[in-house]
Amino acid sequence: MKYLIAGLGNIGTEYEHTRHNIGFDVLDTFAASEEISFATERKASVAHMKFRGRSVTLIKPTTYMNLSGEAINYWMQQEKIKLENLLVITDDLAIPFGSIRLRQKGGSAGHNGLSNIIEQLNTDSFARLRFGIGNNFGQGQQVNYVLSKWSPDEKKMLPERIALAIEIVKSFIAVGVNLTMNQFNNK
């Protein structure tokens, strides 16, 4: 069994550790805990690992957020990964900071990265781990908000929430999306 775990974000130091890059941060923490590292390859920074006898490819697209689907589509083809074994980790404005929800499918909810993935894969039937970043911004400030750094209070809570996201990723690989949703959603 092969799995592709894609953490969404933007490359470049100006985007490091911003709300929009939570997918990158989750995968960086996961890779460090497994003592593996990323290498820049075609369309993504890539790390390979084994988990519970399964082959897992972690990618952080280098295509920038709005073209994330290009990298995901490429690596799904390259590694011959089935759609049901894809998990996308993304930020979500629609849920409060630190809330984490796993979904089996769904629309983009206006998220450009998810829109591009849906367009590239020609389906919205792929699992996504939605990491809540809240929506504490004024009218017309959405872009500035998602590209901004975490508040001091959020930074304090972030390690615990990232650890929970990693547990959800591990569960997805081990037992699949349905059992994982039952166990972790609403935690």
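## A seven-strand sheet, its salt bridges and its largest pocket

D92 and R130 are both buried, a term used here for a relative accessible area under 20%, with exposed standing for over 50% and partly exposed for values in between (1.4 Å probe, protein chains only). The model is a predicted one, in which local features need pLDDT of at least 70 and side-chain atom pairs count only at pLDDT 80 or more, while totals for chains, interfaces and linings use all residues. Residues are numbered from 1 along each chain as its sequence is written, and side-chain values use heavy atoms, with hydrogens and water left out.

**Salt bridges**

The side chains of D92 and R130 form a salt bridge, with 2.5 Å from N to O, and this pair links distant parts of the chain, D92 lying in strand β5 and R130 in strand β7, 38 residues apart. Helices (H or I, at least four residues) and strands (E, at least two) are DSSP runs, numbered from the N terminus. A salt bridge is defined as a side-chain nitrogen of Lys or Arg within 4 Å of a carboxyl oxygen of Asp or Glu, and the structure holds seven of them. In general, side chains of opposite charge can pair when their charged atoms come close. Three of these salt bridges are set out below.

| Salt bridge | N to O | Separation along the chain |
|---|---|---|
| K2 and E79 | 3.9 Å | 77 residues |
| R19 and E154 | 2.8 Å | 135 residues |
| D92 and R130 | 2.5 Å | 38 residues |

K2 and E79 form a salt bridge that joins strand β1 (residues 2–7) to helix α2 (residues 68–79). K2 counts as partly exposed at 35% relative accessibility, whereas E79, at 17%, counts as buried. In the pair of R19 and E154, R19 lies in the loop between β1 and α1 (22–33) and E154 in helix α5 (residues 152–175). R19 is buried with a relative accessible area of 5%, and E154 is buried with 10%.

**The sheet**

Seven strands make up an open sheet in the order β2-β3-β4-β1-β5-β7-β6, with mixed pairing. Because β2 (39–41) and β6 stand at the edges with a single partner strand each, one side of each has no neighbour in the sheet. On average, neighbouring strands of this sheet are turned by 25° against each other, direction ignored; the axes behind this angle are lines fitted to C-alpha atoms, for helices over the stretch in contact, and angles run from 0 to 180 degrees between N-to-C directions. Two strands are taken to pair if DSSP finds at least two bridges between them.

β1 runs parallel to strand β4 (residues 54–61), joined by five bridges, and the bridge partner of K2 in β4 is S55. β5 and β7 also run parallel, with six bridges, and here T90 has R130 as its bridge partner in β7. β6 (residues 100–103) and β7 (residues 127–132) instead pair in the antiparallel sense over four bridges. Across this pairing, L102 has L129 as its bridge partner, while I100 stands opposite F131.

In a regular strand the side chains alternate between the two faces of the sheet. In β6, I100 and L102 form a covered face, and R101 and R103 an uncovered one. In β7, A127, L129 and F131 point one way and R128, R130 and G132 the other way, and all are buried. Since six of the six residues of β7 are buried, this strand is largely enclosed by the rest of the structure.

**The largest pocket**

The largest pocket holds about 450 Å³ of space. Of the 25 residues that line this pocket, the closest to its centre are H20, G110, H111, N112 and Q142. A pocket is found on a 1 Å grid over the protein atoms alone, as an open set of points where a 1.4 Å probe fits, with protein on both sides within 12 Å along at least five of seven lines, and lining residues have an atom within 4 Å of a point. Grid points are joined across faces, edges and corners, and the volume is the space filled by probe spheres set on the points. The largest share of the lining, three residues, comes from α4.

**Positive phi values**

H17, in the loop between β1 and α1, has a phi near 60°, a positive value in a residue other than glycine. R52, in the loop between β3 (44–51) and β4, likewise has a positive phi, near 50°. Most residues other than glycine have a negative phi. H17 is partly exposed, with a relative accessible area of 46%, and R52 counts as exposed at 60% relative accessibility.
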